[in-house]
Amino acid sequence: MPELPEVEVVRRGLERWVAGRTAGEVEVLHPRAVRRHLAGGVDFAARLTGARFGTAMRRGKYLWVPLDEAAAAGSLLGHLGMSGQLLVQPEGAPDEKHLRIRIRFADAVGTELRFVDQRTFGGLSLHENTPDGLPDIIAHIARDPLDPAFDDAAFHTALRLRRTTVKRALLDQSLISGVGNIYADEALWRARLHYDRPTATLTRPKSAELLGHVRDVMNAALAQGGTSFDSLYVNVNGESGYFDRSLDAYGREGEPCHRCGTPMARRPWMNRSSYYCPRCQRPPRVRP
DNA sequence: TATCCGACCTGTTGGC
DNA sequence: TGCCAACAGGTCGGAT
């Protein structure tokens, strides 16, 4: 599934292939793909048509493109969800099986923007912007740790104040954005932290170390998977090369820990799975 | 108010 | 072989 590095690759692709162009005909082929656009698909298409795209922005896994001629100070907001792709395809190319939204351009370049999404967890929508230039609906989303303006000290303070556990905190988009289940497990393994460790017990050095590992995991993925924006198409296929080569925790149940050789464990967690090393990542003595 | 957790969705996998 | 349940997981919103 697209994680933050893949979303960044898509952002760069949009910046290169879509910025400065004007939307022509817009087709909404599946209503769920515009479910966050409360006025519905017809309104979405009508308002987007004729709008000129600015430079794509990103916060966490949300992408948005400022529009200069649709609703005043508005943006086209996108989230890829579990299986979403934004593709710039030649006009007339066969439709993808899960094509949800098609945006033609009012120019003669001969390409169109497509939103393709098998599981329809993602979608596109139009929103007004806050004074900060952020789509209003994502104003509550925290900055991601690759954002130069991310405040490490404030993150640590917020962690200490929460009465929750460390993995829940990593997945809390109002604390830190862009961390999904996979990267949370990877960063916790690197930091030798058990997922159920209460955040209130984390020292400042330990939370700084954890944050550093989150950044390392993301940067490594970006370095390995962030190549496709140089091609003609904005194309995230949902499979980062990083997943195949460099995972230390996620999906490795029963395989030896890359640090100590102990078989890795998997535990059901929040309708998901947590992968960890039972030796390197000891559970907290006092359960929260 | 803060935190928790089920629902949404569909292709794949594994068990019977 | 075929059927069905389990699984994957980001986000929202209702429940606690």
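**Reading pockets, cores and DNA contacts**

Me: The largest pocket is lined by 19 residues, and Lys-61, Met-82, Gly-180, Asn-181 and Arg-272 lie nearest its centre. What counts as a pocket, and what as a cavity?

Reply: Both are found on a 1 Å grid over the protein atoms alone. A cavity is a set of points where a 1.4 Å probe fits but cannot get out, whereas a pocket is an open set with protein on both sides within 12 Å along at least five of seven lines. Lining residues have an atom within 4 Å of a point. Before we go on: this is a predicted model, in which local features need pLDDT of at least 70, side-chain atom pairs count only at pLDDT 80 or more, and totals for chains, interfaces and linings use all residues, while side-chain values use heavy atoms, with hydrogens and water left out. Residues are numbered from 1 along each chain as its sequence is written, and chains are lettered from A and ligands numbered from 1 in the order in which they are written.

Me: How much space lies in the largest pocket, and how do its lining residues divide by class?

Reply: A volume is the space filled by probe spheres set on the grid points, which are joined across faces, edges and corners. The largest pocket holds about 630 Å³. For classes, Ala, Val, Leu, Ile, Met, Phe, Trp, Tyr, Cys and Pro count as nonpolar, Asp, Glu, Lys and Arg as charged, and the others, Gly among them, as polar. By that scheme, the lining of the largest pocket has 10 nonpolar, five polar and four charged residues.

Me: How many cavities of 30 Å³ or more does the structure hold?

Reply: There are two. The largest has a volume of about 80 Å³, and its lining includes Leu-14, Val-18, Phe-53, Trp-64 and Gly-78. That lining divides into 11 nonpolar residues, one polar and no charged. At least two lining residues come from each of β3 (62-66) and β4 (74-79); helices (H or I, at least four residues) and strands (E, at least two) are DSSP runs, numbered from the N terminus.

Me: Which residues line the second largest cavity?

Reply: Asp-185, Leu-188, Tyr-195, Ser-274, Tyr-275, Tyr-276 and Gln-281 do, around a volume of about 30 Å³. β10 gives the most to this lining, with three residues. The classes here are four nonpolar, two polar and one charged.

Me: Is α5 mostly buried or exposed?

Reply: Buried means under 20% relative accessible area, exposed over 50%, and partly exposed in between (1.4 Å probe, protein chains only). Nine of the 10 residues of α5 are buried, so this helix is largely enclosed by the rest of the structure. Among them are Asp-185 and Glu-186 as well as Ile-182 and Trp-189. After α5 comes Arg-192, with a positive phi near 55°.

Me: What is a nonpolar core?

Reply: In soluble globular proteins, nonpolar side chains tend to be buried together. A core here is a set of buried Ala, Val, Leu, Ile, Met, Phe, Trp, Tyr and Cys residues joined through side-chain atoms within 4.5 Å. The largest has 29 residues, and Leu-170, Ile-176, Val-179, Tyr-183, Leu-188 and Leu-210 have the most contacts inside it. The elements giving this core two or more residues include α3 (152-161), α5 and α6 (204-225). Its largest share, six residues, comes from α6. A second, separate core of 28 residues includes Val-18, Leu-63, Leu-76 and Leu-126.

Me: Which residues come nearest to DNA strand C?

Reply: A residue is near a strand if one of its heavy atoms lies within 4 Å of it. Of the 17 residues around DNA strand C, the nearest are His-79, Met-82, Phe-121, Tyr-250 and Arg-272. Sugar and phosphate make up 60% of the strand C atoms that come within 4 Å of the protein.

Me: Which part of DNA strand C does the side chain of Arg-119 approach?

Reply: Polar contacts are pairs of N or O atoms within 3.5 Å; within protein, one must be able to donate a hydrogen and the other to accept it, and residues adjacent in sequence count only if both atoms are side-chain atoms. An N or O atom of the Arg-119 side chain is 2.9 Å from a base nitrogen of strand C. Tyr-62 and Ser-273 have phosphate oxygens as partners, each at 3.0 Å.

Me: Which residues surround DNA strand B?

Reply: They include Arg-32, His-98, Arg-119, Phe-121, Thr-164 and Arg-168. For strand B, sugar and phosphate account for 67% of the atoms within 4 Å of the protein. Thr-164 places a polar side-chain atom 3.1 Å from a phosphate oxygen of strand B, and an N or O atom in the side chain of Arg-168 lies 3.2 Å from a phosphate oxygen of this strand.
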